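Here's a quick briefing to read alongside the model. Have the sequence and the 3D view open, and we'll go topic by topic.

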Amino acid sequence: MPGPSPGLRRALLGLWASLGLGVFHLSAVAQEPFWADLQPRVALVERGGSLWLNCSTNCPRPERGGLETSLRRNGTQRGLRWLARQLIDIREPETQPVCFFRCARRTLQARGLIRTFQRPDRVELVPLPAWQPVGENFTLSCRVPGAGPRGSLTLTLLRGSQELIRHSFAGEPPRARGAVLTATVLARREDHGANFSCRAELDLRPQGLGLFENSSASRELRTFALSPDPPRLAAPRLLEVGSERLVSCTLDGLFPASEAGVYLALGDQRLSPDITLEGDELMATATATPSSEQEGSRQLVCIVTLGAESRETRENVTVYSFPAPLLTLSEPSAPEGKMVTVTCTAGAGALVTLDGVPAAVPGQPSQLQLNATEHDDRRSFFCDATLEVDGETLNKNESAELRVLYAPRLEDSDCPRSWTWPEGPEQILRCEARGNPEPSVHCARPDGGAVLALGLLGPITRALAGTYRCTATNIQGEAVKDVTLTVEYAPALDSVGCPERITWLEGTEASLSCVAHGVPPPNVSCVRSGEAKVIEGLLRVAREHAGTYRCEATNARGSVAKNVAITVESPPQMDESTCPSHQTWLEGAEAAALACTARGHPSPQVRCSREGTPQPQRLRVSRQDAGDYRCLATNAHGTDSRTVTVGVEYQPVVAELAASPSGGVRPGGNFTLTCRAEAWPPAQISWRAPPGALNIGLSSNNSTLSVAGALGSHGGEYECAATNAHGRHSRRIIVRVAGPWLWVAVGGAAGGAALLAAGAGLAFYVQSTACKKGEYNVQEAESSGEAVCLNGTGGGGSGGGAGAEGGTESVGTMEAPAGGEVFAIQLTSA
């Protein structure tokens with residue numbers, strides 16, 4: 001026997017615990033009342049399910065016990081004071097099992113309650129109408145058979161995911177099962193194609209179970225609207241047997257137009273229309289091809305059906321037969337000179353016209369004859385036929401082409417003598433010949449070179465340019481023609497035709513001409529950078545022509561530009577600005593080269609040498625360096641020379657300072673002092689005379705100082721100074737003026753004292769007033785009676801400038817001590 005189920009085991013454990021407690025209580029309290037118990041007391045079981053019931057008592061020794069129920073049993077297990085039984089296939093909505101025991105002549109009972117529930121396994125939405133007119137109501141009905149208890153059931157009607165109606169059956173009796181929900185809905189356009197469904201929910205969560213849900217299958221609603229107007233037919237009034245003609249049927253106000261059905265027929269022949277939709281409009285177009293059996297009056301029918309309704313239109317058309325005329329040539333392909341007959345015929349009742357010439361009567365043929373020539377090749381002949389049908393005149397025509405066999409002709413229109421193509425893009429070269437049969441054309445270079453791929457798409461390269469011989473051939477003969485192919489391409493400026501760098505020689509004639517490759521020949525123009533003027537023609541090259549030029553080559557196929565650098569070279573050139581013809585050096589300075597440069601490109605090398613015998617190299621400039629030098633400038637384009645005279649400047653030196661007459665000077669006598677200086681540039685001569693010396697005369701260049709009528713005041717030291725830009729040099733000489741002793745004797749002591757006092761006063765006056773710093777003009781001094789002081793003061797220190805050398809010479813026996821002035825006055829007799 002198999003072991004008990006888990007539910008049974010739980011029931012037995014509870015029973016044993018109850019019995020244990022009962023025994024314990026019986027032993028503890030002998031007077032406790034007896035009872036019977038049923039577990040579970042209340043149960044909710046899914047319909048068709050099973051349940052274990054445990055029936056127990058606390059009676060120590062029950063006489064008998066049992067479980068009363070109408071439900072099917074599967075097995076029973078017993079103990080002394082308990083009974084466990086499995087109930088299966090429970091289907092009743094509600095049953096009340098009874099547990100009983102017989103104890104001490106009493107019946108102990110426990111009553112339970114078992115209820116069943118059924119999931120909403122079947123949710124059915126009643127089928128919808130096949131078509132529902134827009135604006136009319138329709139019914140939605142949902143059935144959930146057997147589901148329950150109904151009081152826990154909720155039904156919802158949905159349009160897609162939108163809830164339309166939700167209804168709960170709360171409050172229904174526990175035994176109630178199954179449910180129905182019905183609603184009325186207004187059909188709308190937007191409901192077309194909408195899915196309607198029903199959802200059922202059985203909520204047993206309050207009973208400790210779950211929420212059971214299910215939905216019905218969706219049902220699609222199809223709504224429609226159909227205009228009350230009939231369709232519109234468009235068709236020709238006349239239909240020819242065997243011809244195809246379009247007929248159309250149109251109807252507005254359809255919804256959904258795509259669901260509409262169209263029946264289109266010509267008599268009993270149903271047509272197959274093509275349907276086009278635009279909004280709520282439908283158009284059905286079909287090709288009607290009537291047969292000979294339909295000849296006569298027929299009806300064209302169009303019926304549009306949508307939903308359960310339809311709209312219909314009928315029209316009458318006439319079907320007729322009109323065969324095309326027949327045009328024949330006696331020789332469709334005739335050689336030149338052949339006679340050809342052309343005939344045009346048609347069916348009975350039709351009048352034919354051949355190339356504008358009508359037949360005599362309807363039904364009769366029309367003919368013409370011609371002698372075939374080259375110009376008749378591909379000539380077309382036209383045959384026209386007319387027929388009267390139902391009050392309308394109908395026309396039909398036929399054409400035929402005559403082929404005339406003749407030898408090839410290569411005309412310029414079909415095979416031009418010259419072709420011009422741009423390089424690069426793929427092109428199709430065509431050289432066609434007239435002739436019949438069609439000639440084959442072959443074009444190749446006369447020297448057996450390249451062959452043109454006529455009629456094929458291929459790239460055009462400049463290598464294809466040249467002259468070709470084209471030969472057209474057919475069975476009637478051949479024709480030959482020479483053609484020229486020109487390939488155009490954009491300009492190119494290479495280093496050969498347009499170098500990046502060009503050198504010109506100053507003074508020559510040159511032109512800036514860049515040669516560009518290209519077809520057609522490019523036009524090349526060059527402009528200087530930053531300027532707009534185009535450089536054209538010959539130029540007399542000058543230095544200002546040097547620079548960068550932009551050369552641009554242009555033709556119909558494009559343009560290209562290139563920068564060209566022009567360098568202007570020139571022979572050496574020296575002038576006064578670069579190599580002065582007279583240059584001056586300073587004696588004693590460091591020896592230096594002549595300041596001579598030359599203009600020219602490339603830069604000239606300048607060498608200077610002294611004319612005559614070369615002089616030894618000196619570290620310092622001397623006067624012997626003076627003289628003429630020859631400077632020679634040289635570069636790759638020639639030489640230039642220039643003679644430079646160098647003068648050497650030097651400080652002044654007083655070379656000679658002499659008195660005339662030499663020796664003493666008598667009072668009232670005349671004397672002259674001569675001063676000669678060596679200097680370059682020539683020195684300026686200045687004198688310093690003793691104070692109080694009046695009436696002194698100077699030569700025009702100050703080189704001679706003269707005195708007429710010498711007085712004692714003229715005696716003393718004279719200084720000659722020579723000055724130029726490089727320095728100063730001076731020398732001194734003393735002049736003595738001697739007088740008679742008689743003056744001293746006659747004057748006596750008082751006269752002598754007075755004379756001495758006057759002499760001292762005069763000396764003081766000259767020093768304090770007349771011999772102040774500065775240089776005064778001697779001639780002005782003579783007229784004013786003032787003492788003259790030239791280039792010095794009454795005190796010492798005027799004997800020479802900085803770096804000058806000085807000396808003192810005496811006339812007579814008096815000498816002037818160095819650095820001071822000495823006045824010696826000697827009176828002598830006449």
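A disulfide, as the word is used here, is a pair of cysteine sulfur atoms within 2.5 Å. Keep in mind that this is a predicted model. By that cut-off the structure holds 12 disulfides, and three of the pairs come up below, along with a small sheet of 3 strands, two cis peptide bonds at Pro149 and Pro256, and positive phi values at Asp355 and Asn695.

**Disulfides**

- In general, a disulfide is a covalent bond between the sulfur atoms of two cysteines.
- Take Cys675 and Cys720 to start with: their sulfur atoms sit 1.8 Å apart, and a torsion of -80° about the S-S bond makes the link left-handed.
- That pair ties together parts 45 residues apart in sequence, because Cys675 belongs to strand β57 (residues 671-680) and Cys720 to strand β61 (residues 716-724).
- Both Cys675 and Cys720 are buried.
- Next up is Cys498 with Cys514, whose sulfur atoms are 2.0 Å apart; the S-S torsion is about 55°, so this disulfide is right-handed.
- Cys498 comes from the loop between β44 (477-492) and β45 (501-505), and Cys514 from the loop between β46 (509-510) and β47 (517-519), so the link joins parts 16 residues apart in sequence.
- Cys498 is buried at 0% relative accessible area, and Cys514 counts as buried at 8%.
- Cys579 and Cys596 have their sulfur atoms 1.8 Å apart, and with a torsion of about 50° about the S-S bond their disulfide is right-handed.
- Here Cys579 is in the loop between β51 (558-573) and β52 (582-586), while Cys596 is in the loop between β52 and β53 (599-601), so the tied parts are 17 residues apart in sequence.
- Cys579 and Cys596 are both buried.

**Around Ser703**

- Ser703 sits in the loop between β59 (696-698) and β60 (704-707).
- Is Ser703 buried or exposed? Its relative accessibility is 16%, so it counts as buried, the cut-off being under 20%.
- Leaving out residues up to four places away in sequence, Ser703 touches Leu673, Thr674, Cys675, Ile685 and Trp687. Cys675 is the cysteine we met above as the partner of Cys720.

**A three-stranded sheet**

- This open sheet runs in the order β30-β32-β35, and the pairing is antiparallel.
- β30 (326-329) and β35 (366-371) are the edge strands, each with a single partner, so one side of each has no neighbour in the sheet.
- On average, neighbouring strands are turned by 15° against each other, direction ignored.
- β30 and β32 (residues 339-345) are joined by 4 bridges, and Thr328 stands opposite Thr343 in β32.

**Backbone oddities**

- Most residues other than glycine have a negative phi, and most peptide bonds are trans.
- The Gly148 to Pro149 peptide bond is cis, with omega near 10°; Pro149 is in the loop between β13 (137-144) and β14 (153-159).
- Phe255 and Pro256 are also joined by a cis peptide bond, with omega about -15°, and Pro256 lies in the loop between β23 (245-251) and β24 (261-266).
- Asp355 isn't a glycine, yet its phi is positive at about 45°. You'll find Asp355 in the loop between β33 (351-354) and β34 (357-358), partly exposed at 32% relative accessibility.
- Asn695 isn't a glycine either, and its phi is positive at about 55°. Asn695 is in the loop between β58 (684-688) and β59, and with a relative accessible area of 41% it is partly exposed.

Notes. Residues are numbered from 1 along each chain as its sequence is written. This is a predicted model: local features need pLDDT of at least 70, side-chain atom pairs count only at pLDDT 80 or more; totals for chains, interfaces and linings use all residues. Side-chain values use heavy atoms; hydrogens and water are left out. Two strands pair if DSSP finds at least two bridges between them. Helices (H or I, at least four residues) and strands (E, at least two) are DSSP runs, numbered from the N terminus. Axes are lines fitted to C-alpha atoms, for helices over the stretch in contact, and angles run from 0 to 180 degrees between N-to-C directions. Buried means under 20% relative accessible area, exposed over 50%, partly exposed in between (1.4 Å probe, protein chains only). Contact means heavy atoms within 4.5 Å.
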